[in-house]
Amino acid sequence: YQITSIWQAYANISQGFKPPTFTDTVPRGTGDTISEDIQPAETLNRELGVRAQMGEGYVDASVFLIDYDNQFGRVGTNFQNIGSGEHKGLDLALGHRIVGNVSGYINASWLDAKYT
């Protein structure tokens, strides 16, 4: 969304799936087992941000929330869905063209992640 001639706002909601791969379903060692009911991992991503282009420089800031369910992992010798995660945070990027096609930038992210 164009707020002013310099500032824009954006939003994203997207969903992703990660089916079990070949390596997720093949025992790697003696005694390893694979759960018979492995479910695809799923993500739900939400982001809201603003960006601005000011002359040769730019700024981009956003907040995000990612829910990641049915992650794959090992419990003892069994590979299975092991739980979920919630990732929330803030991204900030600043950049400036130095000369010609050469630009410099700095990026920072703050993340609060919780696994269950």
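Partly exposed means a relative accessible area between the buried class, under 20%, and the exposed class, over 50%. Asn70 has 27% relative accessibility, so Asn70 counts as partly exposed. Asn70 is found in strand S4. The model is predicted. This briefing covers salt bridges, ring interactions and selected residues.

**Backbone at Asn70**

- Asn70 has a phi near 60 degrees.
- That value is positive, in a residue that is not glycine.
- Most residues other than glycine have a negative phi.

**Salt bridges: the count and the Arg74 pair**

- The structure holds 6 salt bridges.
- One of them joins Arg74 to Asp32, with 3.1 Å between the closest N and O atoms.
- Arg74 lies in strand S4 (residues 57-75), while Asp32 lies in the loop between strand S1 (7-18) and strand S2 (33-34), so this bridge ties together parts that are 42 residues apart in sequence.
- Arg74 is partly exposed, at 44% relative accessibility.
- Asp32 is buried: its relative accessible area is 12%, and the limit for buried is under 20%.

**Salt bridges: Asp67 with Arg46**

- Asp67 pairs with Arg46, and their closest N and O atoms are 2.3 Å apart.
- This pair links distant parts of the chain, with Asp67 in strand S4 and Arg46 in strand S3 (residues 41-54).
- The separation in sequence is 21 residues.
- Arg46 has 26% relative accessibility, so Arg46 falls in the partly exposed class.

**Salt bridges: Asp112, Lys88 and Glu86**

- Asp112 forms a salt bridge with Lys88, at 4.0 Å between the closest N and O atoms.
- The cut-off for a salt bridge is within 4 Å.
- Asp112 sits in strand S6 (residues 102-115) and Lys88 in strand S5 (residues 78-99), so the pair links distant parts of the chain, 24 residues apart.
- Asp112 is partly exposed at 40% relative accessibility.
- Lys88 is partly exposed too, at 34%.
- A network of salt bridges links Glu86, Lys88 and Asp112.

**Rings and charge**

- How many aromatic pairs does a search of the whole structure find? The search finds 0.
- A charge does sit over a ring: the charged end of Arg51 lies over Tyr10, 4.2 Å from the ring centre.

**Phe64 in strand S4**

- Phe64 belongs to strand S4.
- Is Phe64 buried or exposed? Phe64 counts as buried, at 16% relative accessibility.
- Leaving aside neighbours within four places in sequence, Phe64 is in contact with Arg46 and Glu47.
- Its other contacts include His87, Lys88, Gly89, Leu90 and Asp91.
- Trp110 and Leu111 are also among the contacts of Phe64.
- Two of the salt-bridge residues recur here: Arg46, partner of Asp67, and Lys88, partner of Asp112.
- Phe64 and Phe79 are 15 residues apart along the chain, and their C-alpha atoms are separated by 30 Å.

**Thr77 in the loop between S4 and S5**

- Thr77 is placed in the loop between S4 and S5.
- Thr77 is partly exposed, with a relative accessible area of 42%.
- Not counting residues up to four places away in sequence, Thr77 touches Gly31, Asp32 and Thr33.
- Asp32 is also the salt-bridge partner of Arg74.
- The side chain of Thr77 reaches the backbone oxygen of Gly31 at 3.4 Å.
- The C-alpha atoms of Thr77 and Arg28 are separated by 9.5 Å, with their positions 49 residues apart along the chain.

Technical notes:
Residues are numbered from 1 along each chain as its sequence is written. This is a predicted model: local features need pLDDT of at least 70, side-chain atom pairs count only at pLDDT 80 or more; totals for chains, interfaces and linings use all residues. Side-chain values use heavy atoms; hydrogens and water are left out. A salt bridge is a side-chain nitrogen of Lys or Arg within 4 Å of a carboxyl oxygen of Asp or Glu. Helices (H or I, at least four residues) and strands (E, at least two) are DSSP runs, numbered from the N terminus. Buried means under 20% relative accessible area, exposed over 50%, partly exposed in between (1.4 Å probe, protein chains only). Contact means heavy atoms within 4.5 Å. A polar contact is a pair of N or O atoms within 3.5 Å; within protein, one must be able to donate a hydrogen and the other to accept it, and residues adjacent in sequence count only if both atoms are side-chain atoms. Rings of Phe, Tyr and Trp (its six-membered ring) pair if their centres lie within 6.5 Å; planes under 30 degrees apart count as stacked, over 60 as edge-to-face and the rest as tilted. A charge sits over a ring if NZ of Lys or CZ of Arg is within 6 Å of the ring centre and within 35 degrees of the ring normal.
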